Amino acid sequence: MTAPRYHLTSYGCQMNKLDSELVESKLRQRGYQAAASEAEASVVLVNTCSVRQHAEDRVWSKLGRLRLRKRSEPGLVVGVLGCMAQEHKRYLLSRMPHVDLVVGPSAFGDIDVTVDRARERNARIAAAREPARTRHEVAGAGVLAVDRGQSGDTIRRDVRVRPHRSQAFLSVMRGCNMPCTYCIVPTTRGDEVSREIADLVDEAQRLCDDGVTEITLLGQTVNAYGRDLTGRNATLARLLRALHEIPSLRRLAFITSHPNFLGPDLVAAMAELPKVARYLHLPAQSGSNAVLKQMRRGYTVERYLTRVEQLLAAAPDYELHSDFIVGYPGETAADFAATVAFVQRVGFAQSYVFKYSPRPGTRAAELPDDVPDAEKERRNQVLLATQAAISLTQNRALVGRTVEVLVEGASKVAGRLSGRTVHHRLVHFAATDAAPVGSYVPVRVTEALQHCVVGELLGPNDAEASAYDAAAATQAIGQGRA
Ligand code: SF4
C-alpha cells in the first residue's frame, strides 16, 4: 500500500517554520510522505499566523479553494494548525465543514494521531458516499479540534527532518508574557514556558552530530528565556555559554529579543563568545515615546538607545536589526518623523516595516484606527526608503572586503549561489562546485545592493581567503548613521 501523502504550507514567523518541521517529523515517523505538490496530497495542512491581517487573508483564501476541491474528494483531509486555529476555532468549527482538523500550537505533539483519526473518519464518509454536511453523524465524530495537549516541544525531535542540512532552528521557549497592545501572540500562544538548558544542549548536540553547524535559537522574547524556570539560574547568557561548548557548532544566533531583557550578562556573553552571530534583532516598533507608551512596550527611546550603546561599547562588531509599525492609532506626523530620525540615528542594518492593522482580541483593536490607509502607505514607503539608504551605505562599505559565507543554496538569479555572513547579510556569488551547500567560504565583495551584496569566491591560495575581515565589518556598521 502506498504511504499517505501530506502537504504542509507554513505562514508567519520562524517559530511557525520550526513548528512545521516538528509536525512533519511526527508525520514521517508515522509513515506519511511529503507530496511533491498540494494537488497530489491526501492530507493538506496549513500552519497559520494571526499576527497580521495579510497572513490571515491568505489562509482564508486557501481554505476557500480547498472547499471546492473537497466536494469532489470527500476523503481529503484539511487541517488548520497554529495561531488561527487557536484564535478562530469557533468560526472554523461552525462555518467551515470542509475543515477536518483545528489544532492549536499547544497540541502539535499529537498531530500524527489526530491526522490518522481524520483520515479514517473521512475514509468511512467517502465509502458511505454521504454528502459532506452529514459527515459528522456518519462518522460518529465531529471536527477534530485540539487546543490542549502535548506541545511540539514535548516531541523528541527527529533531527534528520529539517529543510537545511547545516542550519537548524531550536525553540527554547514558547509564549509571551509581555503586554504589547497590538499583538495577539500572548492570546494564541499563552504564557512563557522555557525548556531546560540540559534538554536544549541535548537537542543541539544531536543536531550537530547530524551535520548542523549553525543553530538559531527561537523565542517570542528569546532574551527573557528562563525567567519562568524559577531557582534554576537559567538565562539566555548561560544557555549561549553551554551551547558554545559544542565543538562542531560554528554559528549560534537567537531571535527575537526585547529591549528590556538586554542585560549586562547577556551583553558580556555576546561580546565574549566568538561563535555567537554578530547581529541582534531588537524590535523597536517606534521612535516616538508617545507611541511606545500607547503600545505598552515598556521602554523609552532613550532606554533603547542606552541598551544599544552598552552592547556596541562591549562588542562593536554587532549589527542591529529591527521591526517597526507605522500608522499605529494616534501616531501623528511628529511621531512618525521621530521614528525616521531614530532609524537614521541607530543605523540599523535592516528593518522590517509593517503598516498597522487591528487584530481582533487585542487592546489596540479597541482604539480608533485613525491613520488613513493612504497615509499608512506613505509612511511605510518613507521608512522603507530610509532603511534602504542606510543598508546600501553599509553594504557599499564592504565592497573590496572579504566575508565568510555559509552557503545556503541556489540564488533566485540563475547561475548564482547564495549564503549569509555572520551578520546575516545576504551574499550572492557565481555558482561553483567549490562551494557546496553547507560549506563556509571566503567571498570578496564586489558590488553592493540595498538588500544584499554580490561577490566573488576566493580560492584556497588567495591570501585574503584566510580570515573574515571583522575590522571591515565594524567600519561598515558605523556607515549610514546620522
Ligand atoms: S513581546 Fe510584544 S510583540 Fe513580541 S510577542 Fe510578546 S506581546 Fe507580541
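Let's start with helix α9, which covers residues 236–244. Which of its residues are buried? They are Leu236, Ala237, Leu239, Leu240, Leu243 and His244. These residues cover an arc of only 165° around the axis, so they sit on the same side of α9. And what do they pack against? The partners are α8 (197–209), β10 (214–218), β11 (251–255) and α10 (264–272). So you can picture α9 with one buried side, and that side is set against two helices and two strands.

Please keep in mind that what you see on the screen is a predicted model.

Now follow the chain from β11 to α10. In the loop between them you find Thr256. Look at the bond that joins Thr256 to Ile255: this is a cis peptide bond, with omega at about 0°.

Let's step back for a moment and take in the whole chain. The protein chain has 482 residues, and 55% of them count as buried. How many helices and strands are there? There are 15 helices and 19 strands. Next, think about contacts between residues with a separation of 6 or more: 73% of those in the protein chain are between residues 24 or more positions apart. As for the outside, the chain exposes about 20400 Å², and carbon and sulfur atoms supply 52% of that area.

Ser194 gives us a nice example of residues that are apart in sequence and in contact in space. Ser194 belongs to strand β9, residues 193–194. Is Ser194 buried or exposed? With a relative accessible area of 8%, Ser194 is buried, because buried means under 20%. Leaving out residues up to four places away in sequence, Ser194 touches Val172, Met173, Tyr225, Gly226, Arg227, Asp228 and Leu229. Take Gly226 from that list: Gly226 is 32 residues from Ser194 in sequence, and their C-alpha atoms are 5.5 Å apart.

Next, the ligand. Which residues are around it? Four of the names belong to the stretch of Cys176, Met178, Cys180 and Tyr182, and then come Cys183, Val185, Pro186, Gln220, Thr221, His258 and Arg297. Sorted by class, this shell has seven nonpolar residues, three polar ones and one charged one.

Let's move on to two residues with an unexpected backbone angle. Gln285 is in the loop between β12 (279–281) and α11. Gln285 is not a glycine, and still its phi is positive, about 75°. At 7% relative accessibility, Gln285 counts as buried. On the other side of α11, in the loop that leads to α12, is Arg296. Arg296 is not a glycine either, and its phi is positive too, at about 55°. Arg296 counts as partly exposed, though, with a relative accessibility of 36%.

That brings us to helix α13, residues 333–346, and here we can do a small check together. The helix has 14 residues, and at 1.5 Å a residue they should span 20 Å. How far apart are the end C-alpha atoms? They are 20 Å apart, so the two values agree.

Now for the sides of this helix. The buried residues of α13 are Asp335, Phe336, Thr339, Val340, Phe342, Val343 and Val346. They cover an arc of only 160° around the axis, which means that they are on the same side of α13. What covers them includes α11 (289–295), α12 (301–314), β13 (319–326) and α14 (373–396). Turn to the face that points away from the buried side, and you meet the exposed residues Ala333 and Ala334.

Let's zoom in on Ala334. Its relative accessible area is 57%, so Ala334 counts as exposed, the cut-off being over 50%. Ser288 is 46 residues from Ala334 along the chain, and the C-alpha atoms of the two are separated by 8.4 Å.

We can also look at α13 from the α14 side. Thr386 is in helix α14, and at 11% relative accessibility this residue counts as buried. Apart from its neighbours within four places in sequence, Thr386 is in contact with Val340, Val343 and Gln344. You have just met Val340 and Val343 among the buried residues of α13.

And what follows α13? The next residue is Gly347, with a positive phi near 70°.

Conventions: Residues are numbered from 1 along each chain as its sequence is written. This is a predicted model: local features need pLDDT of at least 70, side-chain atom pairs count only at pLDDT 80 or more; totals for chains, interfaces and linings use all residues. Side-chain values use heavy atoms; hydrogens and water are left out. Helices (H or I, at least four residues) and strands (E, at least two) are DSSP runs, numbered from the N terminus. Buried means under 20% relative accessible area, exposed over 50%, partly exposed in between (1.4 Å probe, protein chains only). Contact means heavy atoms within 4.5 Å. Accessible areas come from the Shrake-Rupley method with a 1.4 Å probe; for residues, only the protein chains shown count as cover. A residue is near a molecule or strand if one of its heavy atoms lies within 4 Å of it. Ala, Val, Leu, Ile, Met, Phe, Trp, Tyr, Cys and Pro count as nonpolar, Asp, Glu, Lys and Arg as charged, and the others, Gly among them, as polar. The expected span of a helix is 1.5 Å times one less than its number of residues. The arc is that of the directions from the helix axis to the C-beta atoms.
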